[in-house]
Structures are given as C-alpha cells and as structure tokens.
Amino acid sequence: MEYDRFVAIETKAPSAPRKEAAPAGADLGSQAWSLLQRVVFSQRPRWMTVIREYDLVPPHWIALQAVDEPKPMGELAKLLACDSSNVTWITDRLEERGLVERQAAEHDRRVKLLVLTEKGRALRSELEERLSEAPPPIASLSRKDQRTLRDVLSCVVEKLEADQSPNRA
C-alpha cells in the first residue's frame, strides 16, 4: 500500500519548466545552475521510466547508489532525508529481491549495515549504464562542445567531492 501511494505521487505530471535561465540580473553561476537544473529535470520522465522497468522507485535507486561500502541504515535515512522507518521499508523491498543484505555492525550489533549483494551490484551497473546514455540535447552537441561540457562538470564534481571529503582542511 505504501508503495502504491509513493508511485501515485511520483506519477503526477510535472509542472511546466520555467522558460528563463535565471532571474534577470542573476550572476553567471546562478544562470549556469538554472540551466543545468532545466536539463536534469527535463530528463526525469526518462529516468523514471528506466527505473520503473526494474520495478524500482526513486528511494530504491538512491539506496542502491549509496551503498558502495556497508552503510548504517541511519546514515541512509539522513541521505534520503526521511525517517528510519521509511529506510526499513526501502530495505525490506531491496532485501526481498536479493539486492541488499542487512548485517550487524562489528562495533555495535544494534547497528544494522546495508550491504549490496552481487545481484545488487549487477543491477546497479546495468542501470548506471542505461542512465548514462546522453539525452538527445547533449548527444546532438558537437564533440568539442560535449568535451567542454564534460570537462566543466568534472571540475564541479571534483569541488563537490573535495567539499565532502572528511580530510577537508
């Protein structure tokens, strides 16, 4: 029932995207961010179609992406910005399909770690491959423009990862 409610919420038609890149007078960074959001949000129907082909909903996919190493369920709740009971529901569905396993943490058996199974890794890889296919607006760019876009976004990701690093000075 909860799954059906979630799917019903997710299938509502998205509102029409704004036409302007950013408010008049916005700085270049804000304009770039607004444009990037428009590109990403325009691909949401495609993204939803692909993950639904695998009988997943967005929290399932986010969980599969997040579990590279064993991860405490509480940490996944923070990542998803949801209650721990929701993570239990998500984990139950993924575990039923053999995609993740719960394991007790060595330091505290009360802490349950999520561990991706081989089947879960294979599914995640397959989905990543499908979702990494460039949408037509990007695929239609020249090789030079695609390379420039990739290089700029790579710089952004490097900065994100540096900001999230636990060794950050």
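A nonpolar patch is here a set of Val, Leu, Ile, Met, Phe, Trp or Tyr residues that have over 30% relative accessible area and no salt bridge, with side chains joined within 5 Å. In this predicted model, one such patch covers about 930 Å² of the surface. Its members are Trp 33, Leu 36, Val 40, Phe 41, Leu 141, Leu 149, Val 152, Leu 153, Val 156, Val 157 and Leu 160. Two elements give two or more residues to the patch, namely helix H2 (28-42) and helix H9 (143-164). Helix H9 provides the largest share, with six residues. Among the patch members, Leu 149 has its place in helix H9, and its relative accessibility of 30% makes it partly exposed.

A look at the whole chain helps to place these elements. The chain contains nine helices and three strands, which follow one another from the N terminus in the order α-α-α-α-β-α-α-β-β-α-α-α. It has 169 residues, of which 26% count as buried. The exposed area of the chain is about 11,900 Å², and carbon and sulfur atoms account for 55% of that area. When contacts between residues at least 6 apart in sequence are considered, 53% of them join residues at least 24 apart.

Turning to the interior, the largest nonpolar core comprises 26 residues. The residues with the most contacts inside this core are Ile 51, Leu 56, Leu 64, Leu 76, Leu 94, Leu 123 and Leu 127. At least two core residues come from each of helix H3 (44-53), H4, H5, H6, E3 and H7. Leu 94 offers a convenient view of the surroundings: leaving aside neighbours within four places in sequence, Leu 94 is in contact with Leu 56, His 60, Ala 63, Leu 64, Leu 99 and Val 100.

Helix H5 (residues 73-80) is a good place to see how one element faces the interior. Its buried residues are Met 73, Leu 76, Ala 77 and Leu 80. These four lie on the same side of H5, because the arc they cover around the axis is only 105°. The spacing fits a general rule: an α-helix has 3.6 residues a turn, so residues three or four places apart point the same way. Lys 78 and Leu 79, in contrast, are exposed on the other side of H5. The packing partners of the buried residues of H5 are helix H4 (58-66), strand E1 (71-72), helix H6 (84-96), strand E2 (100-104) and strand E3 (112-116). Just after H5 comes Ala 81, with a positive phi near 55°.

Charged side chains add a further set of links, with eight salt bridges in the structure. One of them pairs Arg 124 with Asp 68, at 2.9 Å from N to O. Arg 124 belongs to helix H7 (residues 118-131) and Asp 68 to the loop between H4 and E1, so this pair ties together parts that are 56 residues apart in sequence. The two partners differ in their exposure: Arg 124 counts as buried because its relative accessibility is 9%, under the 20% limit, whereas Asp 68 is partly exposed at 45%.

Another salt bridge brings together the side chains of Arg 102 and Asp 92, with an N to O distance of 2.6 Å. Since Arg 102 lies in strand E2 and Asp 92 in helix H6, the pair ties together parts that are 10 residues apart in sequence. Both residues are partly exposed, with relative accessibilities of 27% for Arg 102 and 25% for Asp 92. Salt bridges with shared partners also join Asp 92, Glu 95 and Arg 102 into one network. A further salt bridge links Asp 108 to Arg 110 at 2.9 Å, N to O. Arg 110 has a relative accessible area of 73%, so this residue counts as exposed.

Finally, Thr 117 sits in the loop between E3 and H7. Its relative accessibility is 12%, and therefore Thr 117 counts as buried. Not counting residues up to four places away in sequence, Thr 117 touches Gly 98, Leu 99, Val 100 and Glu 101. Leu 99 and Val 100 are also among the contacts of Leu 94.

Notes:
Residues numbered from 1 in each chain as written. Predicted model: local features only at pLDDT ≥ 70, side-chain atom pairs only at ≥ 80, totals over all residues. Heavy atoms only, no water. Patch = residues over 30% accessible without salt bridge, like charges linked within 9 Å, V, L, I, M, F, W, Y side chains within 5 Å. Areas by Shrake-Rupley, 256 points an atom, 1.4 Å probe, with all protein chains shown as cover. Salt bridge = Lys/Arg side-chain N within 4 Å of Asp/Glu carboxyl O. Buried < 20%, exposed > 50% of the residue type's maximum accessible area, 1.4 Å probe, protein only. Arc of directions from axis to C-beta. Contact = heavy atoms within 4.5 Å. Core = buried A, V, L, I, M, F, W, Y, C linked by side-chain atoms within 4.5 Å.
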